[in-house]
Amino acid sequence: MKVGGHPYRTIWLKAGDERVVQVIDQQRLPHAFEVRDLRTVDDMCHAIRDMTVRGAGLIGASAGFGLYLASLQARDTGFDDFVAQAGAALQATRPTAANLSWAVARMHLAMAAGRTPEDKRGLARREALAIADDDALHCQRIGEHGVALITDLAQRKRGAPVNILTHCNAGWLAFVDVGTATAPIYAAHDAGVAVHVWVDETRPRNQGASLTAWELAQHGVPHTLIADNTGGHLMQHGLVDMVITGADRVTRQGDVANKIGTYLKALAARDNGVPFYVALPSSTFDFTLRDGVAHIPIEERGAEEVRWISGKTAHGQIESVQICPDTTPARNWGFDVTPARLVTQLICERGLCEASEAGILSLFPEQA
Ligand code: MRU
């Protein structure tokens, strides 16, 4: 996608020094656009944990590049042990997104084909780049499959803007490029279909307010920021035509873990007859799990993210302020699980399917 007219991905090898991985610092957006250099697997673990990079697909791609950095750091003696420990460290950074362990496993498998450490370094570079390219391609395909849902609604509305509600950021910043929930939206907008996006602010880290609103604006897509609890009210008044969210882990029966608050949007959508779509690449499926509510690990982050909020002051300074009494305790679950029965359809790189084991296996028969 373009930032100020210049094409960017969210992660890449530094031109002229491929021992360095560069990423867009998502902690600084939307007020500053800054690129960070990452030189070691520890740098990458830190960037994932503090959410310099975040979003399921980008976390997966970051794990790939993290193992590439580990392969450069590892000495020839003890190479395999070093890389195995690096994989475990990456995997421990964030628990919910399936893409992380998927990418670590894919990297280990690719490197296992090498005979010498030098072979393995070359394979690690190639596989990390392939993971990133696949992620971008799959998001592109999600857009191609999902756009018909929006154009159908536009026809039914005789060209009036299609109002789409989204939660968190499942845009290009959460992936390597294009994004998942946003891919059909960008495709529709680029095709001249009138769309308007309701952007949930997404407390406590405000990925909607700071990231989704920023990237939609970069692409010129009309949008309006709303407080997290507004969606139900809008649906009751016919102001939402469809919901599209991303996902961090989807089980084989179609239960969806996504940013905290997604479940409430799905309930409101069901109550109001609004279709609720979830867009995801195949790397987000966890085919080992069925019951997502019972078994998907939910990340719990620090209470300070709930107790404090940061933003730009009227004088242009970035500041954090505490929003509750000094002694108020807080808890901070990062994700919730929307049961498959509340999901209208899944939008994947292979097409659309029902959120059910039969539906998912019709697209991914090799997982039967
Ligand atoms: O905590 P984050 O920002 O890494 O959360 C991931 C997300 O962006 C959302 O849950 C998103 O909707 C999933 S799609 C990457």
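This is a short chat about reading the ligand site in a predicted model.

Biologist: What should I know before I start?

Modeller: The model is predicted, so local features need pLDDT of at least 70 and side-chain atom pairs 80 or more, while totals for chains, interfaces and linings use all residues. Residues are numbered from 1 along each chain as its sequence is written, and side-chain values use heavy atoms, leaving out hydrogens and water.

Biologist: Which residues are closest to the ligand?

Modeller: We call a residue near if one of its heavy atoms lies within 4 Å. Here 17 residues surround the ligand, and the closest are Arg54, Arg94, Asp248, Asn258 and Lys259.

Biologist: Which polar side-chain atoms lie 2.7 Å from a ligand oxygen?

Modeller: For a polar contact with the ligand, look for a pair of N or O atoms within 3.5 Å. Asn258 has a polar side-chain atom 2.7 Å from a ligand oxygen, and Lys259 has one at 2.7 Å from a ligand oxygen too. For Arg94, a side-chain N or O atom is 2.8 Å from an oxygen of the ligand.

Biologist: How much of the ligand does the protein bury?

Modeller: Accessible area comes from the Shrake-Rupley method with a 1.4 Å probe. Alone, the ligand exposes 400 Å², and the protein buries 100% of that.

Biologist: Where does the ligand lie relative to the domains?

Modeller: Domain bounds come from an automatic or database assignment. The ligand lies between domain 1 (2-134) and domain 2 (149-367), because both give residues to its shell. Their C-alpha centres are 25 Å apart.

Notes: Polar contact = N/O pair within 3.5 Å; in protein donor to acceptor, adjacent residues only side chain to side chain.
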